[in-house]
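Subject: Structure handover

Hello,

Here is the structure we talked about. Please open it first, then read the notes below it.

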Amino acid sequence: MSATSFPEGFVWGVSTSAFQIEGGTSAGGRGPSIWDVFSADRAEACDHYHRYPEDVRLMKDLGMAAYRFSVSWARVFPDGSGKANQAGLDFYDRLLDEVLGAGITPYATLYHWDLPQSLEDAGGWPSRDTARHFADYAAAVGERLGDRVGTWFTLNEPWVSAFLGYGSGIHAPGRKSAADAFTAAHHLMLAHGLAAQALGDAKVGVVLNISPVMTPGQVADPSRPLSEEDADAVARIDALANRQFLDPMLRGAYPADLLPVIERAAGLDHIRDGDLEVIARPIDLLGVNYYTPLVVQAQPSEPADPAFPGSEGVLFCTVPTAVTAMGWPIVPGCLSRVLQHLATEYPGTDLMVTENGADFVDVVTGEGIHDVERISFIEEHLRALRSAIEAGAPVRGYFVWTLLDNLEWADGYRRKFGLVHVDFATQRRRLKDSALWYRDVVRRNGLTDTRPKRPTLETVAARARVSRATVSRVVNGEASVSSEVRTAVLRAVKELGYVPNAAARSLVTRRTNAVALVVSVPRQGGEALTAAVVQYVTSLLEGAGKQITLMLADTAESRRRIVQHVEARLCDGVVLLPPDRADTLAERLSRTGVPVVLLGKQAIASLVPYVDVDNAGGAAAATQHLIERGRRRIGMICGPMDLVAVQDRLAGHREALRRAGRQPLLALADLTRPSGAAAMRQLLGDEPALDAVFAATDQLAIGALQAARECGRRVPEDLAVVGFDDIDAASATTPALTTVRVPVADQALALARLLLSRLEGRHTTPVVLPTRLVIREST
Ligand code: FCB
């Protein structure tokens, strides 16, 4: 094996799962699964049910040796049990023939989180019967498809099914009970053992999400000794996340330190005599899904996280590293650590990385889809994997998560993990750069000696056909460049994955270790956000060893002093909370060459990275909700149109109306409650048939509620009202206001991480966080 090649016969592939790509949710007699019921998004996904020949051809063209997919239980048993649905099995029959015909080896997962809803209605995973039904399902699938499936994986990430599905409730079926979560976990493992039995002599494995657990200090230095309290915190989370599954399945016993935790929450009656023998039936392969580590430390006052019952006194920390668009810290070295750890602690089992990949914001252009960040993410993880093999870990293969952009569970379609881009309006598939890069890795069974050269200012200038000075002006957000030139330069920068030099240079010349947190006032209605940013940015950056200088940009004089401070290199980076309206501070600061990150998208596109929320998506969801509630004439109260957020909310509203074939009806306001009330009266005057209003902010919506009442309209009977922001007052109005929740703390965290990414010289793209519709009585 040369320095970059992989062992002969190393298995290269991609992974997918049924619910995330198939669609065809009632085709061929499929029954509903818990995800059909739970998911807020339509489940057509990638329509793979109909388009599988095209998808298999894509894999063939990419030279994949293996394909890991999952079988939908509800397709095979629409009610979870009883008589198998032949039409459902036929689909997998066709799929397998296609896959094998393309020379690709199939790896089939039996359960990737999509429990038939009827079984959930009968008690779900906390009920022991579900494990028995799973064994029957495994037997039926094994009998029909076993002649062509070389390797079965019983379960995908049972921790997620049990603890996010029944503990924290952020996944389907959305239940929140520690007792149910532990019981579900046990029954999932029992189901695994029973299914392995039912599959007879076939090759069987299980897929676990193994997350290395460590303190923030150990991320940088794994051998760092721990205090007794921190060691306890690490051990507790490791038991809950990893050993809870590894030990029963591979050693035939629950970890001794976990049993009292289970007993406190759920009792131990559900663990019956003989269960552990079934669960520990030897397996042929352990699939490891690795994305990111769990970073924790002791913190006595901390309440338990519902996804980790028994985690009282443990703080889940954010780590000072670069992150993916999903906010997951990128720590490739941990993949190597995990694999070596498994090889020593659980010897004798072959390992396979069954999922690894990342969500990034891709750059979609006419010529292609450029995703440099995904390429370097996979490359770094493959290097880590290779070093684990060199150290003796028996790792037999690697599967990228995932083939296609798809339906990412509770996060919907906004997450992009695919090697292949999917346009969900047309279902058109297009290869991303990472797909072509991965094809070459597979072809040569390894990486290249040299990493792709980092692009320079010259390369960008050449690609955009402009001078270096122009590139520099655009990079620094100067307003003096025409919008066509700016677009061309920004496109070239993104396509090439260029990291502005200043960030890289600051790595070498860094001498202050200080970060300036600049707050402009007033930010309309943004007090809570500002407070959260100050709190989180400070604690996260201080955790990364930075000193924070808080600076107030409230007068011309103070802004001048801030620019001077940064120009004098008295800080390594700047977090800026600009005011809502046009202001040149961001531009002036970015021209200093010191990395700057912004809260909120700016009116002029520049390379200064920002964190914002999905204003258009939130407004579209709010409008769509009104349409679904049967509202016919929907008006919008807009805030001032020079605010970028208001423009985006209006665009989202219009788009949702357009899709439904409706006409917009607008009234303008400023940002105060009285102006919301005035706009409401105006709308009612213009359109007596008005039966719904979407207001650009909660303040406007509250004014609208008052005016509607004064005009004799009952809310929601005559008129439905939706706001935006979910300020504290929104839940206290009468009736309580339906609104779009903006994630406050998440924005603050994303901002701090973005700055750290820039300080590390990483290529950064804007972070746009999802919003969520909160339905209350006003609709
Ligand atoms: C894993 C899941 C997979 C996908 C990735 C991003 O936990 O197994 O379905 O959601 O995360």
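Two strands count as paired if DSSP finds at least two bridges between them. Helices (H or I, at least four residues) and strands (E, at least two) are DSSP runs, numbered from the N terminus. This is a predicted model, where local features need pLDDT of at least 70, side-chain atom pairs count only at pLDDT 80 or more, and totals for chains, interfaces and linings use all residues. Residues are numbered from 1 along each chain as its sequence is written, and side-chain values use heavy atoms, with hydrogens and water left out.

The open sheet

This sheet has six strands, in the order 17-16-18-19-20-26, with parallel pairing. Its edges are strand 17 (547–553) and strand 26 (767–769), each of which pairs on one side only. Neighbouring strands are turned by 20° against each other on average, direction ignored. Axes here are lines fitted to C-alpha atoms, for helices over the stretch in contact, and angles run from 0 to 180 degrees between N-to-C directions.

Strand 18 (residues 573–577) and strand 19 (residues 596–599) run parallel, joined by three bridges. V575 faces V597 of strand 19 across this pair, standing opposite it. Helix 22 (residues 556–567) packs on the sheet and touches strand 16 (514–520), strand 17 and strand 18. Contact means heavy atoms within 4.5 Å. The direction of helix 22 makes about 150° with that of strand 17. Helix 28 (residues 744–759) also packs on the sheet; its contacts are strand 16, strand 18, strand 19, strand 20 (610–613) and strand 26. Its direction makes about 165° with that of strand 19.

The barrel

Eight strands close into a barrel, again with parallel pairing, in the order 1-2-3-4-5-7-10-13. From one strand to the next, the twist averages 25°. Strand 1 (residues 11–15) meets strand 13 (residues 395–401) in the parallel sense over five bridges. There, V11 has G397 of strand 13 as its bridge partner.

Helix 11 (residues 228–251) packs on this sheet against strand 4 (151–156), strand 5 (203–209) and strand 7 (285–289), at about 160° to the direction of strand 5. Helix 14 (residues 333–345) touches strand 7, strand 10 (350–355) and strand 13, at about 150° to the direction of strand 10.

The ligand

Which residues are around the ligand? They are Q20, H112, W113, N156, E157, N289, Y291, E355, W401, E408, W409 and F417. Each has a heavy atom within 4 Å of the ligand. By class, five are nonpolar, four polar and three charged. Ala, Val, Leu, Ile, Met, Phe, Trp, Tyr, Cys and Pro count as nonpolar, Asp, Glu, Lys and Arg as charged, and the others, Gly among them, as polar.

Polar side-chain atoms lie 2.8 Å from a ligand oxygen in Q20 and 2.6 Å from a ligand oxygen in E157. In W409, a side-chain N or O atom is 2.9 Å from an oxygen atom of the ligand. Taken alone, the ligand exposes 290 Å², and the protein buries 95% of that. Areas come from the Shrake-Rupley method with a 1.4 Å probe.

Backbone points

Most residues other than glycine have a negative phi, and most peptide bonds are trans. The bond from W401 to T402 is cis, with omega near 15°. T402 lies in the loop between strand 13 and strand 14 (420–423). T734 and P735 are also joined by a cis peptide bond, with omega about -10°. P735 is in the loop between strand 24 (720–722) and strand 25 (739–741). A45 is not a glycine, yet its phi is positive, near 50°. A45 sits in the loop between helix 2 (34–38) and helix 3 (48–61).

Best wishes

Definitions and conventions. Polar contact = N/O pair within 3.5 Å; in protein donor to acceptor, adjacent residues only side chain to side chain.
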